[in-house]
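Visitor: I'm new here and I like to know what stands behind the labels. Could you walk me through a few of them?

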Amino acid sequence: MSALIRGSGIARAVLLALAVVFSAIALTFARATEAPPVSLQEGLPAPQIFTAPRPVSVTDEVATAALRAEASSAEPDIYRTDLQVTETVLDAISNFFEDVRAAAVPVAVPVEDPDSITPPVTIPTTTTSEETTTTALDTTTTTGETTTTVPGGDAETTTTPAPTTTTSTTTTTQPPRPVSRTTQTQQIEDSHPFLSRETIDAFVDLINDDWTRALEGEALFFSIVENEAIDQAKSFLNEGIRSTELAGVRTDLADNPLPIVLLPDRDEEAMEAAVAELVAVSLQANEFKDDVATAIARIEAEDLVEDVVVEYRTNEKIVDVGEIMTAVQIQAISDLELIGETPETTPLRALALVAAIVVLLAAAYLWRVGSEYWRQPKLVGLFGLLIVLGAAAARVPEMVARDQVELGFLLPAALLGYLTATLFDARIAVVVALPMTVFTALATGDLALSAFAAAATLIPIPLVSSVASRAQLNLAVVISAVIHIPIAIGLSWFFYGSATIGLAAVWGFISGIATGVVALGVLPILSSAFRITTTQTLLDLTDRNHPALRRIEELAPGTFNHSIMVGNLADRAARSVGANPLLARAMSYFHDFGKTVDPKYFVENQFGVTNPHDRLPPAESATIIRSHVAEGLRLAREYRIPPDVAQGILTHHGTSLMRFFYHKAEDLDQGEVDGADYRHRGRKPKSKEMVILMLADATEAATRALVQHEDPTSESIRELVESIIAEKVEDGQLEESDVTFGELTRVKEAFVDSLIGYYHTRIPYPRFPGAGGDQPE
């Protein structure tokens, strides 16, 4: 196996090398060029000794650039602190504490039943121009000034004018009712959903305990905790937090809360954890990289690096003969005018180099995007052949467009799109648009034609990727040619001027038609040479005049009708799941090809005769039935049926059990019957088309048997289809395929719709001879 892999790898390498060589030849053959003068080139040996006749200094650009790059990379990134973020974080913490205070403020409740509350307390108050004092909870008024103290907050003082001496009586009815802690917690949770319930409970407990402490005249702690939270946040923000550090700072703070002094011992641990979580949740990154400042600093660092200068003194040897030359040596020789100017590299060599790079790049895409093709050396060779064809096609404008630029739109780039999309698939066809475009640019140097090459290559791809008939294929050629017209007009108008659009449109259309016709003629040759199943191949196979189909129709007419019906089911199901309907139909037409060897042993061909299996042992009957797969493969090779289609012969039964003969053997034999003796010896289906064929084959046969014994209904047909699909799944016949259960559901619906349409209800004509009368279609 390893030797085979190595052999395939060598073959691919050789094929790609040939593609590179022939692409370069196609692009450079017969191109006019001048012989380049003798020149000095970096990296090549010096043709002679060069000595400085006078002092010369040369800047070593490479060494200088390396030092400057090193100095630039050594300059660290510069960060700036966003003060707005700092303010936002501190405001968020302050707002939280304000929300806690607001949630804890008692609510005054109106009294509806005076008898149900404590009798009002009357507090006489005397007001004079000198001083008025009223005593209530946390409230003191002195000489027109009122000071209100809220737990956890600062004192608020208001000044009112001091009236003249007045005596009044104030009556206090019901004191404000405290808000329940559950209500407070819920209110805080709604406005601060990112905090945990434990943290919110800790702050609610603290503010409510402060209310109690205020009544008892004890010290309050809520403001202390607030100041500590703000101080902690400021500490982190002042140090600067970068986006990459934010998660770590939050985690470290949550795991290691900072201590808070002056708190009661019973509240200390809970409040430290609560403050840590509040600060951690509120923190944001406030230090950001300043790209502009960093760039300026690095530019300044580069500017500080002096040029590296190489000096040659009088009569000092610059380079010896055969010594590999450097850019500094060549520049010194040029400054001393010891030789003519160094010419550019030969254009043809540069052109060949670019062509080689493009071919290898396209091959890399084939390797990554189309691995199923890359594994087959013959397809790699075909891919290389198409690339060479694209290089040759790129030379057409050079040959035909002499004095008339519009003739360049005869460029046959669409030919590459037709061939690649049909012989490979749409993905690979898109890939080859790259080399076609580059080759056109190299061959013509014309931006308009390069853009036209890209567009013309892509146009046929969606048109020929899903055709299912010759009419559609011919229509694709016409549509492609029509689309060439506006593209040629637009490019010609933009690059050459409005005077050229008429002829550009004509030549563009002719190019589209010509490439389509040539593609239809070349495709059969390439598909036959490389044994590839193309759309044209499948159309030929599904033609009723194909010799293999004629054989089935003549020798096994029942099998032929069964195969046609299976093809109809498979076609519709393939369309429902995005499979290839033409391939599914072709596989269906030939899946029972082997039954033409001995058609009388298959029930669909036993019209008016007895069943020969009635006289045979079950094991012998199973052998005969099983043999139609091997015979079908033999006939497929004889009739040159493509391997992709012949796979339907091998997989349409998989390893299914021949239940009729298995149960017959169980009835005849008293001992245990080995189920393996009554299973097919094929392979389990892998592709969607193979799975659809297996299910369509079993469904059509079972439905035909159903209608022979009862009048089918939509319900009975649906139940039959569901049971068949379920049986195949349970038997493990679909385990190697990539079909999903969703796709199986769509396949089932496609089968049911087709079968209901085929076995629709017929209306008997009255007084027509025969049982039940004639039934119109």
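**Behind the labels**

Guide: Let's start with two strands: V58 stands opposite V310 in β11. Keep in mind that this is a predicted model, where local features need pLDDT of at least 70, side-chain atom pairs count only at pLDDT 80 or more, and totals for chains, interfaces and linings use all residues. Residues are numbered from 1 along each chain as its sequence is written, and side-chain values use heavy atoms, leaving out hydrogens and water.

Visitor: How do you know that β2 and β11 pair?

Guide: Two strands pair if DSSP finds at least two bridges between them. β2 and β11 (residues 309–312) have four bridges, in the antiparallel sense, so the rule is met. Strands here are DSSP runs of E with at least two residues, helices are runs of H or I with at least four, and both are numbered from the N terminus. The protein has 30 helices and 12 strands.

Visitor: Which residues of β2 are on its covered face, and which on the uncovered one?

Guide: In β2 (residues 56–59), V56 and V58 make up the covered face, while S57 and T59 are on the uncovered one.

Visitor: What makes Y759 buried?

Guide: Buried means under 20% relative accessible area, exposed means over 50%, and partly exposed is in between, with a 1.4 Å probe and protein chains only. Y759 has 15% relative accessibility, so it counts as buried.

Visitor: And why is Y758 called partly exposed?

Guide: Y758 comes out at 42% relative accessibility, so it counts as partly exposed. In the whole protein, 42% of the 777 residues count as buried.

Visitor: Why is the pair of Y758 and Y759 called edge-to-face?

Guide: Rings of Phe, Tyr and Trp (its six-membered ring) pair if their centres lie within 6.5 Å; planes under 30 degrees apart count as stacked, over 60 as edge-to-face and the rest as tilted. By this rule the count comes to 14 aromatic pairs. For Y758 and Y759, the centres are 4.8 Å apart and the planes meet at 90°, so the pair is edge-to-face. F96 and F97 form an edge-to-face pair too, at 5.7 Å centre to centre and 80° between the planes. Both F96 and F97 are buried, and ring pairs link them with F203 and F222 into a cluster.

Visitor: How do you know that the charged end of R368 sits over the ring of W367?

Guide: The rule asks that NZ of Lys or CZ of Arg be within 6 Å of the ring centre and within 35 degrees of the ring normal. R368 is 5.4 Å from the centre of the W367 ring and counts as sitting over it. R242 also lies over a ring face, that of Y79, at 3.6 Å from the ring centre.

Visitor: What makes T542 buried?

Guide: Its relative accessible area is 15%, so T542 is buried. T542 is found in the loop between α21 (535–541) and α22 (547–555). Leaving aside neighbours within four places in sequence, T542 is in contact (heavy atoms within 4.5 Å) with L549, L582, R585, A586 and Y589.

Visitor: What does the side chain of T542 reach?

Guide: The T542 side chain reaches the backbone oxygen of L538 at 2.9 Å, and that of L539 at 3.2 Å.

Note on methods
Polar contact = N/O pair within 3.5 Å; in protein donor to acceptor, adjacent residues only side chain to side chain.
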